[in-house]
There are 2 protein chains.
Amino acid sequence: MNLNRTSNEQETILKFLKEIQSYSPLEDHSEKALANICFTQKVGKNEVLQEIGKTCKTIYFVMEGSARIFYLKDGLEITEYFAFKNDLIVRAESLFKSLPSNKGIVSIEETLFVGIPSNALFSLFDEFHDIERLFRILIQTVYLETIKRLESIQFQTAEERYKGLFENHPEFIQKIPLKHIASYLGITQVSLSRIRAGIS
Amino acid sequence: MNLNRTSNEQETILKFLKEIQSYSPLEDHSEKALANICFTQKVGKNEVLQEIGKTCKTIYFVMEGSARIFYLKDGLEITEYFAFKNDLIVRAESLFKSLPSNKGIVSIEETLFVGIPSNALFSLFDEFHDIERLFRILIQTVYLETIKRLESIQFQTAEERYKGLFENHPEFIQKIPLKHIASYLGITQVSLSRIRAGIS
DNA sequence: CTGATTTTTTAACATTTGTAAAAAGAATAC
DNA sequence: GTATTCTTTTTACAAATGTTAAAAAATCAG
């Protein structure tokens with residue numbers, strides 16, 4: 001156990017370890033090794049966690065709060081992904097290819113993350129088969145989510161997607177500016193306003 | 001080595017093993033174990049490889065030819081994915097969740113596949129860390145491709161997507177009916193015809 | 001080769017979504 | 001609490017895409 005941690009930090013990391021083992025369990029020694037490389041990070045509202053242009057070297061989990069991945073298109077922010085409690089948030093193409101990312105990560109509200117340095121994690125993959133398995137299954141899971149999202153954006157109307165989003169995540173509408181939701185849905189803010197007007 | 005194989009089959013499987021190890025190399029004994037569970041399958045044009053409604057239990061690689069994954073929406077076929085030479089083709093949500101798939105796989109032309117029974121493969125994951133790693137990296141790779149596709153469908157016009165598709169895969173237009181390309185691009189056949197008329 | 005079938009294009013019109021600008025509303029700073 | 005800034009809605013019009021039907025072109029079977 002890392003002795004530089006406060007008991008709060010330690011508690012967060014233990015909660016995190018328990019949460020991710022719902023995907024695939026770890027041996028005790030693997031769990032300890034993973035715990036050793038994790039850290040916690042707390043940010044305020046609308047704070048940049050990872051900057052555009054930098055290479056992604058950390059995998060984050062949201063323990064409390066929410067954040068989003070965005071990129072710029074014609075000078076405007078496009079939101080690609082929202083992460084809530086217990087979601088993974090990572091700029092995958094940059095992480096897996098070790099290339100600078102054209103995307104950034106910002107918090108939506110005050111948010112507590114657990115971070116895992118990717119180089120240290122990849123070293124643990126060599127040593128602990130079960131850690132690599134856990135992350136293989138995590139990647140599988142986000143892959144399936146991405147396929148679902150692709151299907152929804154390809155073959156549902158904007159209105160269907162908006163409704164679907166709030167069936168799964170009613171908390172969205174409370175805290176996220178609509179312009180971000182619109183770009184996430186692949187439509188303009190004006191179009192989203194029209195949809196909202198039509199529903200209520 | 002499986003003694004029931006013809007030398008043609010054996011050659012195909014060796015070629016396959018060489019090809020996938022460009023993602024991550026295998027130890028000799030792992031490679032042999034994987035070779036042992038693989039099989040080859042050759043189908044003619046427009047033949048069903050995996051039926052809608054059945055649970056996916058096999059991971060396929062295209063060695064020669066091409067195939068597509070499709071599903072039905074309002075009685076019409078929507079093509080979700082095209083696989084060409086050296087591409088993986090698998091109904092991921094069914095495979096990873098062991099649930100019946102609402103998707104099917106059909107060949108586009110005469111096509112040679114290498115198949116891997118998923119249960120046997122998952123057993124090899126337990127025994128051979130490097131096989132699980134190889135497939136972890138494969139899943140990573142298809143995940144990144146899916147993210148790219150999501151971005152293109154969300155923020156490019158149909159015309160941009162059509163042009164992009166043929167920059168990457170000029171062979172598409174030669175052998176695939178336009179109705180399948182249209183549904184893959186998320187547009188109607190009529191719309192695709194208009195785009196094609198506008199370009200040439 | 002020829003008729004039947006399938007695929008692709010074209011046409012006319014409807015609907016959805018986008019763009020730009022302005023107005024209304026909400027949040028924030030001082 | 002008021003002014004400023006940011007967010008959301010509304011309006012008017014433009015562009016893109018969908019729908020339906022028919023015509024043209026290509027492919028296939030015998």
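A residue counts as near a strand if one of its heavy atoms lies within 4 Å of it. By that yardstick, 17 residues sit around DNA strand D in this predicted model. Here's a quick tour of that protein–DNA surface, followed by two helix pairs in chain A.

**Who lines DNA strand D**

- Out of the 17 residues around DNA strand D, the ones that come nearest are Leu178(A), Lys179(A), Gln189(A), Ser193(A) and Arg194(B).
- Sorted by class, the surface near DNA strand D has seven nonpolar, five polar and five charged residues.
- Looking from the DNA side, 58% of the strand D atoms within 4 Å of the protein belong to sugar or phosphate, and the rest belong to bases.

**Polar contacts with DNA strand D**

- Ser193(A) puts a polar side-chain atom 2.6 Å from a phosphate oxygen of DNA strand D.
- Ser191(B) has a side-chain N or O atom 3.3 Å from a phosphate oxygen of the strand.
- Arg194(B) goes for a base instead: one of its polar side-chain atoms lies 2.7 Å from a base nitrogen of DNA strand D.
- Three elements give two or more residues each to the surface near the strand: helix 8 (178-185) of chain A, helix 9 (189-199) of chain A and helix 9 (189-199) of chain B.
- Helix 9 of chain A provides the largest share of that surface, with six residues.

**Helix 6 against helix 8, chain A**

- Helix 8 of chain A also packs inside its own chain: its axis and that of helix 6 (residues 158-168) of chain A come within 10 Å and cross at roughly 115°.
- The crossing of helix 6 of chain A past helix 8 of chain A is right-handed.
- From helix 6 of chain A come Arg161(A), Tyr162(A), Leu165(A) and Phe166(A), and they meet Ile181(A), Tyr184(A) and Leu185(A) in helix 8 of chain A.
- By class, that contact has six nonpolar residues, no polar ones and one charged residue.

**Helix 2 against helix 4, chain A**

- Helix 2 (residues 28-37) and helix 4 (residues 118-127) of chain A pack at an angle of about 165°, and their axes are 10 Å apart.
- That angle makes helix 2 of chain A roughly antiparallel to helix 4 of chain A, because anything over 145 degrees counts as roughly antiparallel.
- Helix 2 of chain A passes helix 4 of chain A in a right-handed crossing.
- On the helix 2 side of chain A, the contact residues are Ala33(A), Leu34(A) and Ile37(A), which meet Ala120(A), Leu121(A) and Leu124(A) in helix 4 of chain A.
- This contact has six nonpolar residues, with no polar and no charged ones.

Note on methods
Residues numbered from 1 in each chain as written. Chains lettered and ligands numbered in written order. Predicted model: local features only at pLDDT ≥ 70, side-chain atom pairs only at ≥ 80, totals over all residues. Heavy atoms only, no water. Axes fitted to C-alpha atoms, helices over the stretch in contact; angles between N-to-C directions. Helix = DSSP H or I, 4+ residues; strand = E, 2+ residues; numbered from the N terminus. Parallel < 35°, antiparallel > 145°, perpendicular 65-115°, else oblique. Left-handed = near helix turned anticlockwise from the far one by under 90°. Contact = heavy atoms within 4.5 Å. Nonpolar A, V, L, I, M, F, W, Y, C, P; charged D, E, K, R; others polar. Polar contact = N/O pair within 3.5 Å; in protein donor to acceptor, adjacent residues only side chain to side chain.
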